[in-house]
Amino acid sequence: MKSSSIMRSEQPNRRILIVDDNKVIHDDFLKILQPQVEPDAMSLTRSNLFGESSNPSRLDPFQVDCVDQGGAGLVLARRAREEGFPYAVAFVDMRMPPGWDGLETIERLWEVDAELQVVICTAFSDRPWEEIAKRIGQSDKLLILQKPFNSIEVSQLATALCRKWDLAHEVAGQLDELNRQVDKRTAELQGANEKLTQTNADLVRTVVDLEVAQAEILRQNDALERLASRDPLTGCFNRRAFYIQFETAFAESREHNIELCCLMVDIDHFKRINDQFGHAVGDQAIQAVAGCLGAGLRLTDTVGRYGGEEFCLMFPCTTLAEAPDLAERIRIQIETEAGERVRAAPRLVITVSCGISSTALGARTPLELIDQADKALYAAKEGGRNCVMVLDPIIAGTNASDQCEPQVRRITPRVSSPPMFR
Ligand SMILES: [Mg+2]
């Protein structure tokens, strides 16, 4: 066995394996694939003059190993593959007694090296091609060389098949590189995708946090709005918030020509309650009256704490014929219930005086309407307290040019004033 090796990464693969039971055939192959050429006269002269090598320059010489049995060829092919320097081409004899024949040898060789290019060397008396093709199958890595072979044919087969092996190897390398690039790019895209997914999740969390914060802000705004618009003692609208709503209702009343009534309520003898029972009881009295006012309202009505012991109510879509009854019911409810709500002063009787006005009297501003109700309230105080007075339009004359002159009318029947204690 003659052996040589090549570095696959540095030069083309020129490794050739000869499997033939006839040693003379080995020599024939070596003469063809590794010819020893005598240096010519010119080469010798150049060598003597310039010190150059006198060997003929021969590009990519074949590296040839020869064995006489298929089993030995398999050992070499497996080792070459394992060492990273596989054979490019194998020339395999068809008949090699006593071992495997050429077909079995080829099958075994391809089991350890599927890329090996094979030339099967056969005589006319050997098996026909149809039988070979049936056993091996159609393969582009198998050629047939008829014995006796000529040297040019062998040389060209070796050159062409080694080149074919190199090209296939290059293509495989390029495919590997492409796959590596695809894997790298895929990994980068997966990384980018994971980052995007993470960023998206962060954004979703941020949005949820913002929504929670926004809901909290709205809740606090509501609380602030309530604090800003409500009287802390009674929970009624404070004077400013009440007046804003009153202005709106007044404007709507004028726009749609619908009557709006205003009721002013003032706690009777409040100073006396304060002086006699203290400010804490006074506060409870105010809360009690506010409670009765709130309980007596319809959904459309609004009550505001207008001053210390004074409340202002508005009755939208209510006529001057309807409002006095509403006011009288509220007055009676306060007279009968408010005192009972003040636990610190048992049997205390709380009464209120009430004044009513209506947009039917021609008030041009909300304040004018409130002033008219205040005027009726003043009349109620003057009229003995614990009563409802309404400002009525009275026609002074019969001519159309006559002005409407408001006049106070008492709603509550006259009775003796109730005691402050039952
Ligand atoms: Mg033979």
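**Exercise 1. Which percentage of the 422 residues of the chain counts as buried?**

Solution. Start with the source. This is a predicted model; local features need pLDDT of at least 70, side-chain atom pairs count only at pLDDT 80 or more, and totals for chains, interfaces and linings use all residues. Residues are numbered from 1 along each chain as its sequence is written.

Next, the criterion. A residue is buried if 20 or more other C-beta atoms lie within 10 Å of its own, exposed if 12 or fewer, and partly exposed in between, with C-beta atoms placed from the backbone. By this count, 30% of the 422 residues are buried.

**Exercise 2. State where the pLDDT is below 50.**

Solution. pLDDT is the predictor's confidence in each residue, from 0 to 100. The chain average is 89, and 87% of the residues score at least 70. Residues 1-8 fall below 50; beyond near neighbours in sequence, this stretch has 19 contacts in the model. A contact means C-beta atoms, placed from the backbone, within 7 Å. Residues 54-59 also stay under 50, with eight contacts beyond four places in sequence. Where pLDDT is low, the predicted coordinates should not be read in detail.

**Exercise 3. Work out the order and edges of the five-strand sheet.**

Solution. First, the elements: helices (H or I, at least four residues) and strands (E, at least two) are DSSP runs, numbered from the N terminus. The chain has eleven of each. Two strands pair if DSSP finds at least two bridges between them.

The open sheet runs β2-β1-β3-β4-β5, with parallel pairing. β2 and β5 (142-146) are the edges; each has a single partner strand, so one side of each lacks a neighbour in the sheet. The average twist is 20° from one strand to the next.

Now one pair in detail. β1 and β3 share four bridges in the parallel sense. L17 stands opposite A90 in β3. Helix α4 (residues 102-112) packs on the sheet and touches β1, β3 and β4 (117-122); its direction makes about 155° with that of β3. Such angles run from 0 to 180 degrees between N-to-C directions, with axes fitted to C-alpha atoms, for helices over the stretch in contact.

**Exercise 4. Which residues of α1 are buried, and which are exposed?**

Solution. In α1 (residues 23-33), the buried residues are I25, H26, F29 and L33. They span an arc of only 110° around the axis, so they lie on the same side of α1. The arc is that of the directions from the helix axis to the C-beta atoms. On the other side, K23, V24, D27 and K31 are exposed.

Then find the packing partners. The buried residues of α1 pack against β1 (15-19), β2 (63-67), β3 (89-93) and α6 (151-229). α1 lies across β1, β2 and β3, at about 175° to β2.

**Exercise 5. Locate the nonpolar cores and the strands around β8.**

Solution. A nonpolar core is a set of buried Ala, Val, Leu, Ile, Met, Phe, Trp, Tyr and Cys residues joined through C-beta atoms within 7 Å. The largest has 54 residues; L263, V289, C354 and I356 have the most contacts inside it. Among the elements giving it two or more residues are β6 (260-267), β8 (310-316) and β9 (352-358). Another core, of 34 residues, lies apart and includes L17, V64, Y87 and M94.

Finish with β8. Five of its seven residues are buried, so β8 is largely enclosed by the rest of the structure. Seven bridges join β6 to β8, antiparallel. L260 has P316 as its bridge partner in β8. β7 (residues 302-305) joins β8 through a hairpin of four residues.

Conventions. Contact = placed C-beta atoms within 7 Å.
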